[in-house]
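Visitor: I am new to this one. Could you walk me through it?

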Amino acid sequence: MKKFNAIFWRENRQLKNGGYETTRTIEARTLKSAENKAKKMTQGCLYGSMSLLRVEEA
């Protein structure tokens, strides 16, 4: 399994610029499967919203 870094934009209206970038490490076999896992992470947000910016190999 390879490691990928998923970069997300986490929206927070209380901050001056409206949010911040955050990175999560994902283990997957291919880039496509890492992107799919990252998209599922955006749907499981408990508060606020999080959108996927890009996925790159670590």
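Here is a short tour in questions and answers.

Guide: Keep in mind that this is a predicted model. Ask away.

Visitor: In what order do the three strands of the open sheet lie?

Guide: Start at the edges. Strand E2 (19-28) and strand E3 (49-57) each pair on one side only. The pairing is antiparallel, and the order is E2-E1-E3.

Visitor: By how much are neighbouring strands of this sheet turned against each other?

Guide: Direction is ignored here, and the value is an average. The turn comes to 25°.

Visitor: Which residue in E3 is the bridge partner of Phe-4?

Guide: Strand E1 covers residues 2-11. E1 and E3 pair in the antiparallel sense over eight bridges. For Phe-4, the partner in E3 is Glu-57.

Visitor: At about what angle does helix H1 run to E3?

Guide: Helix H1 spans residues 31-43. It lies across E1, E2 and E3. Its angle to E3 is about 165°.

Visitor: Which element gives the most to the largest nonpolar core?

Guide: That core has nine residues, among them Phe-4, Ala-6, Phe-8, Ile-26, Ala-38 and Val-55. E1, E2, H1 and E3 are the elements that give two or more residues to it. The top giver, with three residues, is E1.

Visitor: Which residues of that core does Ala-6 touch, leaving out those up to four places away in sequence?

Guide: Ala-6 touches several residues, including Thr-22, Arg-24 and Leu-52. The core list includes Ile-26, Ala-38 and Val-55. Ala-6 touches these core members: Ile-26, Ala-38 and Val-55.

Methods:
Residues are numbered from 1 along each chain as its sequence is written. This is a predicted model: local features need pLDDT of at least 70, side-chain atom pairs count only at pLDDT 80 or more; totals for chains, interfaces and linings use all residues. Side-chain values use heavy atoms; hydrogens and water are left out. Two strands pair if DSSP finds at least two bridges between them. Helices (H or I, at least four residues) and strands (E, at least two) are DSSP runs, numbered from the N terminus. Axes are lines fitted to C-alpha atoms, for helices over the stretch in contact, and angles run from 0 to 180 degrees between N-to-C directions. Contact means heavy atoms within 4.5 Å. A nonpolar core is a set of buried Ala, Val, Leu, Ile, Met, Phe, Trp, Tyr and Cys residues joined through side-chain atoms within 4.5 Å. Buried means under 20% relative accessible area, exposed over 50%, partly exposed in between (1.4 Å probe, protein chains only).
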